[in-house]
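I opened the notebook with one plan: start with a sheet, then look at the empty spaces, then at one residue.

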Amino acid sequence: MLYRCTSIIVEIAILIGISYADVPKLTVISLTMTSQSTVQMTIKPDRPPSGYRIPLHAIDKVLAGFLALNLFFKPSSTGPTQLQDFATSLQDVLDRLPLIAGSIYDVEDAHGVKSKKLVDDGRGADLIWVDSPVACADSFEHPDVLPRPFIVNCDDDQPLLMVKFTKFTCGTLAMGISISHMLVDLASCVDLIMEWARVSRGDSKSDPLAITSWDRQPDKLFPPPTPTAIPDEWRRGGVATSSTRFRALMMSNFFFTWESLRKLKEICTPTDPNEWVSTGDCVAAVVWRAIVVARKALLKPGRDVHLPMAADGRRHAKMEPGASKYFGNLVTPFVIALSPSSLLEGSLASVALACRRALIEQFTETTCANLLALFDKIEKRPNTGPTGPAESAVSNWTKFPLVGDVLDFGGGAPCWASTSQMHAGLVIIMPQKDGYLASFTIEAEWESSLHTAELLTYAKHM
């Protein structure tokens, strides 16, 4: 089993110093005694599983793997301080949202056809607590705070939700969250963490997360698709980052202060009063150029450079009155395509504007419907989708309150947010208290080439 070291493992039903009667619903899976005191628990809803099976949509299956999010909390005299505190509040959430404690696996129908389904089987969510023998680094760089790697075989017996708490000697607490991407996108993941935090801090004033339907039918939220409206960028190029096998990967972080973001936005603001770019567009332009320069060996002569990005389709979804917002995956990709010369030799402002124009042109109600239909078509006929890898991809997480008060579990909001090493060529832009963090996953041999003069003008390497 994962996370069990070679030292003695004691199967027990209580935590040290805690009576089982005090936490009757919680089950401790194992206690590993090493140089780092470790406890692992499986939390299950306090009711029998229904066995309810929900077919996944094609967009869910495209996003196989796990979302990874790390939240860091400063020492506090209030709020949860031990694993059972977090476990108790999580179980309250799972009692109302039991499918989060379920499983996703292939289910065979009466005709012998297998398809992936979300199953309410009471599998449970796993929590891990580690007392680290070291202090938290000033850079918050700790590769081992996540409970499992970003890329895991999805056929393994993995819980949909797994959370690892690392308590450092300085009192800082890291919360490493790993959740199935087939279950949720980042928007729904943050909604879930917000609900857990609300319950943990005893907030009765905020509305609880209500999921009126677990069905995975995002197509119903949009008008019928119009295939001719699929963007040309999707027809010409792929949207997956290039695979560079046998090359070691690493993560490289660059921090943009609010002041540097202000200067960047000033430089990239269009002269045409009818045009506009966001700060996110400007950062995307800088990091796109940097990652393409670093991975220039992947450029194909005579071919445009493609940058896949993603938007939240909920913005265009038509929800029924009184219905909860869609819980699941509603990520809508769009693709920016520029010639190598336009990308690398043009002005930074022109690249930022290209990002904004692609979003405006490709992210519409009609295009959302078309792309959902395209995912469904690719699943049924794998050779009909976009072909050819992109050199990079950018995911902008800055609209999510990852260091906001809504993620306060009772001892204060997170002081830092980070993620893990992911696919080669992927850049994730995350919000922080004092600016933005851009996390690059890149081949180790090319990392030094990321440090372009332009990137270092606006961001500091961490």
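**Entry 1: a pair of strands.** I began with β16, residues 426-432. Six bridges join β16 to β17, and the two strands run antiparallel. I looked for a facing pair and found P431 opposite Y436 in β17. I noted that this is a predicted model.

**Entry 2: the sheet around the pair.** Which strands belong to this sheet, and in what order? I read the order as β14-β16-β17-β11-β18. The sheet is open, has five strands and shows mixed pairing. I then asked why one side of β14 and one side of β18 have no neighbour in the sheet. β14 (393-396) and β18 (460-461) stand at the edges with a single partner strand each, so one side of each stays free of a sheet neighbour. I wrote a reminder beside this: strands of a sheet pair through backbone hydrogen bonds, either parallel or antiparallel.

**Entry 3: the partners of β11.** I counted bridges on both sides of β11. Nine bridges join β11 to β17, and this pair runs antiparallel. Here M250 stands opposite I442 in β17. Two bridges join β11 to β18, again antiparallel. In that pair, F255 faces K460 of β18.

**Entry 4: the second largest pocket.** I looked up its volume and got about 410 Å³. Its lining has 23 residues, and the closest to the pocket centre are H142, P143, M251, T419 and S420. Three elements each give two or more residues to this lining: β11 (249-257), β15 (416-418) and β17 (435-443). Which of them gives the largest share? It is β11, with three residues. I sorted the lining of the second largest pocket by class and listed 12 nonpolar, nine polar and two charged residues. So β11 and β17 turn up twice in my notes, because they pair in the sheet and both help line this pocket.

**Entry 5: the closed spaces.** I reminded myself of the idea first. Rolling a probe the size of a water molecule over the atoms shows where empty space is left. How many cavities of 30 Å³ or more does the structure hold? I found three. The largest cavity has a volume of about 40 Å³. I listed its lining: L161, I177, I179, C189, L192, I193 and W196. Two elements give two or more residues to it, β10 (173-180) and α3 (186-200). The largest share, four residues, comes from α3. By class, the lining of the largest cavity is seven nonpolar, no polar and no charged residues.

**Entry 6: one residue, N70.** I placed N70 in strand β5, residues 66-73. Is N70 buried or exposed? N70 is buried, because its relative accessible area is 4% and the cut-off for buried is under 20%. I then looked up its contacts, leaving aside neighbours within four places in sequence. They are V145, L146, M175, G176, W416, A417, S418 and T419. I recognised T419 from Entry 4, where it is among the residues closest to the centre of the second largest pocket.

**Entry 7: the whole chain.** I ended with totals. The chain has 10 helices and 18 strands. Of its 462 residues, 54% count as buried. The chain exposes about 20600 Å², and carbon and sulfur atoms supply 54% of that area. Among contacts with a separation of 6 or more, 76% join residues 24 or more positions apart.

Key. Residues are numbered from 1 along each chain as its sequence is written. This is a predicted model: local features need pLDDT of at least 70, side-chain atom pairs count only at pLDDT 80 or more; totals for chains, interfaces and linings use all residues. Side-chain values use heavy atoms; hydrogens and water are left out. Buried means under 20% relative accessible area, exposed over 50%, partly exposed in between (1.4 Å probe, protein chains only). Contact means heavy atoms within 4.5 Å. Accessible areas come from the Shrake-Rupley method with a 1.4 Å probe; for residues, only the protein chains shown count as cover. On a 1 Å grid over the protein atoms alone, a cavity is a set of points where a 1.4 Å probe fits but cannot get out, and a pocket is an open set with protein on both sides within 12 Å along at least five of seven lines; lining residues have an atom within 4 Å of a point. Grid points are joined across faces, edges and corners, and a volume is the space filled by probe spheres set on the points. Ala, Val, Leu, Ile, Met, Phe, Trp, Tyr, Cys and Pro count as nonpolar, Asp, Glu, Lys and Arg as charged, and the others, Gly among them, as polar. Two strands pair if DSSP finds at least two bridges between them.
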